[in-house]
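Visitor: I have a structure to look through today. Could you walk me through it, a topic at a time?

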Amino acid sequence: MKTPLLLRHLFDYAMTYFPNQEIVSRTHHGMHRYTYEEYGARTRQLSSALAKLGVEVGDRVGTFLWNDQYHMEAYFGVPAMGAVLHTINIRLPADQIAYIINHAGDRVLIVDRTLWPLLAPVREQLTSVEAILLTGPPQSTDPVSNAYDYETLIAEGDPHFAYPDLDENAPMGMCYTSATTGNPKGVVYSHRGIYLHSLTLGLANTLALSMQDATLPVVPMFHVNAWGLPFAALWFGCKIVLPGPAPQPKTLLDLMAEEGVTLAAGVPTVWMGLAKELEAQPTPLKLRAAVCGGSAAPEALIRTYEERFHIPFIHAYGMTETSPIASVARLKSHHQSLPASEQLSVKSSQGLLVPGLTIRLERDGQDLPWDGEQAGEMCIQGPWIADEYYRDERSAATFIDGWLHTGDVAAIDKEGYIHIVDRTKDVIKSGGEWISSVDLENALMAHPAVFEAAVVGVPHPKWDERPLAFVVLKDGATVDKSELVTLLATRFAKWQLPDDILFIDEVPKTSVGKFLKRALREQYRNYLA
Ligand code: ADP
């Protein structure tokens, strides 16, 4: 049958089979809990309220929210009615926020009242926004024009609102990804793409998400759909645990323990912060999967979780343009008998491409063999891979002949495991050779005194660029520079070693908690000049 693959089918299935399952959310005022059934009625009320406001199929509805129950309602309430869920990164600078709202042409915004002060300064610049729905209790800072109280508005909505039939290729959501220079670039997701992406998260070769799980997306719901977890989790009947406003490691740990979380997902810095907290406060957890992606997970971090805390660690790779999950590092059956150290090197790779996608490595226009040695740019194709940036001339540089050029340099081994060497923009080009910043960082972070390490290339008069390492020590730990150099010298050739190692208090982070190497590069541009 040619049944269209629509998000409303995920929603209907979840409502039919799991009406009593729970969605739990940390809020500004304690915990909020309700069943899928109650969630479903409110979600339809939201859709109906949006329709009354004039939102039509194809219109963009922006969200400016934490990971909470309101965001969860928008996640299905907006696309199921045919509108487009535009999740806005609340941590972007105000001018970029204004740019993306205008560029997407959002007609309605759903905003957490406590976040309104971030939007207020650019309100006058927003050219397309006709209505603002405010969640949470009234604040003195609330906007006055075209603003509605979310609860009051949806109370008048129809809890039986009927969802329309749509073309499966119709857009259901969009998310902007940061660009090295210039404004963020918009990626549009289709119903079909997200339906298939959600399905893959249930595969045993990937996350094996199921109705046995309690899922906690730490990754923000404004960052590539929280890696698709909210869609798949609801479809498969997971308990959904949402961490609410600005969760700190201790809060996350308590939530995991109290709500029996089995699968949580976040970037490496989240897992590093949690590891510190777990050391300080050993807590029994039911976690069966610590899912980590967004940047390379250091081997030492994986070892800490697997060997010290006995929590299985799953390393995944993806990007905004890939919806995002593109590859997941799970062991093949013949790896099971390998010693732990060899298993670790499989687990710290970016893993195997998920079923449904196609990949190739390209360098200077040529395809490279999968020999684990030769590194080139990964190019990916598949049903949940974007084929352009939304109304953006920069599309031509990234989407070429039907392939997404990821900007990530990798080698693929004979078994198919992807080993990312670096981002094209982070790889250090020294005297015509490439030095992987990721490999150096991994080696530094394997030292027991090191909490974080970032390596960047800075201009050098003779070699073009040379590596400079930045190290953050664990609380109370000390180590000599020379000891770190000796450690690196056991694994790297002399020309690959950093020209200097600098101790700093913190590695600068992006809006989603990744290392912001660009900031270090700019700050230390003249260090070796
Ligand atoms: P941003 O450029 O803002 O970080 P994305 O969130 O889309 O945007 O990031 C995607 C990029 O993150 C990938 O292109 C890759 O460089 C990096 N990345 C994601 N997951 C991993 C991983 N497991 N290992 C190494 N790099 C990763």
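Visitor: At what angle do the axes of helix α2 and helix α3 cross?

Guide: The axes of helix α2 (residues 36-52) and helix α3 (residues 69-80) cross at roughly 65° and come within 9 Å. Axes here are lines fitted to C-alpha atoms, for helices over the stretch in contact, and angles run from 0 to 180 degrees between N-to-C directions. Helices are DSSP runs of H or I with at least four residues, strands are runs of E with at least two, and both are numbered from the N terminus. This is a predicted model, in which local features need pLDDT of at least 70, side-chain atom pairs count only at pLDDT 80 or more, and totals for chains, interfaces and linings use all residues. Residues are numbered from 1 along each chain as its sequence is written, and side-chain values use heavy atoms, with hydrogens and water left out.

Visitor: Which residues of α2 and α3 meet?

Guide: From α2 come Tyr39, Arg42, Thr43, Leu46, Ser47 and Leu50, and they meet Tyr70, Met72, Glu73, Ala74, Phe76, Gly77 and Val78 of α3. Contact means heavy atoms within 4.5 Å. By class, this contact has 8 nonpolar, 3 polar and 2 charged residues. Ala, Val, Leu, Ile, Met, Phe, Trp, Tyr, Cys and Pro count as nonpolar, Asp, Glu, Lys and Arg as charged, and the others, Gly among them, as polar.

Visitor: And α1, at what angle does its axis cross that of α2?

Guide: Helix α1 (residues 7-17) and α2 have axes that cross at roughly 145° and come within 9 Å. On the α1 side, Phe11, Asp12, Ala14 and Met15 meet Tyr36, Tyr39, Gly40, Thr43 and Arg44 of α2. The residues of this contact divide into 5 nonpolar, 2 polar and 2 charged.

Visitor: Turning to the ligand, how many residues surround it?

Guide: There are 17 residues around the ligand, each with a heavy atom within 4 Å of it. The closest are Ser178, Thr320, Asp408, Arg423 and Lys514. The shell divides into 5 nonpolar, 9 polar and 3 charged residues.

Visitor: Which strand gives the most to that shell?

Guide: That is β14, with 4 residues. Strands β14 (313-318) and β22 (418-423) each supply at least two residues of the shell.

Visitor: What polar contacts does the ligand have with the side chain of Asp408?

Guide: An oxygen atom of the ligand lies 2.5 Å from an N or O atom in the Asp408 side chain; a polar contact with the ligand is a pair of N or O atoms within 3.5 Å. A nitrogen atom of the ligand is 2.9 Å from an N or O atom in the side chain of His315, and the side chain of Gln350 also has an N or O atom 2.9 Å from a ligand nitrogen. The protein covers 91% of the 570 Å² of accessible area that the ligand has on its own, by the Shrake-Rupley method with a 1.4 Å probe.

Visitor: Now the backbone. Which residues does a cis peptide bond join?

Guide: Ser323 and Pro324, with omega at about 10°. Pro324 sits in the loop between β14 and β15 (325-329).

Visitor: What is the phi of His310?

Guide: Phi of His310 is near 55°, a positive value in a residue other than glycine. His310 belongs to the loop between α12 (299-308) and β14.

Notes: Polar contact = N/O pair within 3.5 Å; in protein donor to acceptor, adjacent residues only side chain to side chain.
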